[in-house]
Amino acid sequence: MAAGMRFLQLFAAVLAFCFAPAKSNWIPATATFYGGADGSDTMGGACGYENLYNAGYGINNVALSTALFNDGASCGQCYVIICDTSKSDMCKPGTSITVSATNFCPPNWDLPSDNGGWCNPPRHHFDMSQPAWENIGIYRAGIIPVFYQQVKCWRQGGVRFTINGFNYFELVLVANIAGSGSIKSMSVKGTNTAWIPMSRNWGANWHCLSGLVGQALSFAITSTGGQYLVFQDVVPAWWQFGQTFTTWRQFDY
């Protein structure tokens with residue numbers, strides 16, 4: 001029995017060593033969880049994706065603190081997170097989880113940053129779905145110290161466009177982006193127009209003030225990774241507000 005326990009302790013130590021982050025490559029942060037055991041309460045959120053399964057993100061999602069959310073510019077980005085075993089015995093050693101940014105964790109100015117105000121600036125904090133969090137932390141801990149890196153996103157299928165708004169206000173939600181996961185700039189072109197620059201409205205929603213009803217729509221997007229793609233006539237002329245259109249094209253970076 002003693003020999004078996006000694007082996008398990010040695011094995012755990014080896015795992016901790018193998019997964020210990022190089023300080024130069026990883027950034028320290030903290031992590032909590034929300035949304036319940038099935039993660040259902042993480043649907044929706046400040047990025048505007050609504051049903052995260054339909055949008056291509058699933059249950060491994062996270063709400064970012066102010067310092068990470070960047071006013072919505074980080075929506076869709078991916079992060080690999082590991083628990084810092086050197087600071088907590090509430091970690092699950094040798095494990096990691098990759099999550100997608102889908103929501104905002106607002107500051108709580110009524111609580112100090114080191115005692116409840118976990119998302120207060122300038123803290124780097126991840127409020128993860130419970131299923132994602134439990135890959136790296138023990139439930140009763142509540143909060144754990146972590147290391148993270150932003151990593152490439154992998155998605156199934158192509159980029160998706162949901163056309164919202166009304167009349168001369170087009171609000172376009174762009175989802176399921178691979179590569180860097182997020183958008184730096186975006187333009188739209190109707191059948192009868194030149195390219196029209198769009199502005200980030202909120203989260204992953206971009207808007208323009210143009211009369212485009214009845215025209216096929218093309219989108220030109222530059223990802224935050226610097227890749228430029230044109231989605232030619234991805235929205236047919238018969239589109240209506242509220243519809244989603246899926247493409248076959250995807251970002252690599």
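So, how many aromatic pairs does the count come to? Hold that thought for a moment while I set the scene.

What you're looking at is a predicted model. The protein chain has 253 residues, and 49% of them count as buried. Put the C-alpha atoms in a box along the principal axes and you get roughly 75 × 40 × 35 Å. On the secondary structure side, we have three helices and 14 strands.

For the contact people here: take the contacts in the protein chain with a separation of 6 or more, and 68% of them come from residues 24 or more positions apart. As for the surface, the chain exposes about 12300 Å², with carbon and sulfur atoms supplying 57% of that. And on charges, there are 13 positive and 13 negative ones, and their mean positions sit 11 Å apart.

Okay, one thing from the records. An unreviewed UniProt entry annotates residues 168-247 as "domain: Expansin-like CBD". In the model, that span is 55% strand and 0% helix, and its end C-alpha atoms lie 24 Å apart.

Right, back to the rings. The answer is 13 aromatic pairs. Let me walk you through a couple of them. Tyrosine 79 and tyrosine 148 have ring centres 6.0 Å apart, and the planes are at 70 degrees, which is over 60, so we call that pair edge-to-face. Where do the two tyrosines sit in the chain? Tyrosine 79 is in strand E3, residues 78-83, while tyrosine 148 is in strand E6, residues 144-151, so this pair links distant parts of the chain, 69 residues apart.

Are those two buried or exposed? Tyrosine 79 has 3% relative accessibility, so it counts as buried. Tyrosine 148 comes in at 4%, so that one is buried as well.

Now, tyrosine 148 has another partner, phenylalanine 126: here the ring centres are 4.8 Å apart with the planes at 70 degrees, so again the pair is edge-to-face. Phenylalanine 126 lies in strand E5, residues 125-129, and tyrosine 148 in strand E6, so the pair ties together parts 22 residues apart in sequence. With a relative accessibility of 0%, phenylalanine 126 counts as buried too.

One more before I stop. Which residues do ring pairs link into a cluster? If you want to pull it up on screen, select Phe161, Phe219, Phe231 and Phe251.

That's it from me, happy to take questions.

How values were computed. Residues are numbered from 1 along each chain as its sequence is written. This is a predicted model: local features need pLDDT of at least 70, side-chain atom pairs count only at pLDDT 80 or more; totals for chains, interfaces and linings use all residues. Side-chain values use heavy atoms; hydrogens and water are left out. UniProt positions are given in the numbering used here, feature names are shortened, and annotations may be inferred rather than shown by experiment. Helices (H or I, at least four residues) and strands (E, at least two) are DSSP runs, numbered from the N terminus. Buried means under 20% relative accessible area, exposed over 50%, partly exposed in between (1.4 Å probe, protein chains only). Contact means heavy atoms within 4.5 Å. Accessible areas come from the Shrake-Rupley method with a 1.4 Å probe; for residues, only the protein chains shown count as cover. Lys and Arg count as positive and Asp and Glu as negative; His and the chain ends are not counted. The place of a charge is taken as NZ of Lys, CZ of Arg, CG of Asp or CD of Glu. Rings of Phe, Tyr and Trp (its six-membered ring) pair if their centres lie within 6.5 Å; planes under 30 degrees apart count as stacked, over 60 as edge-to-face and the rest as tilted.
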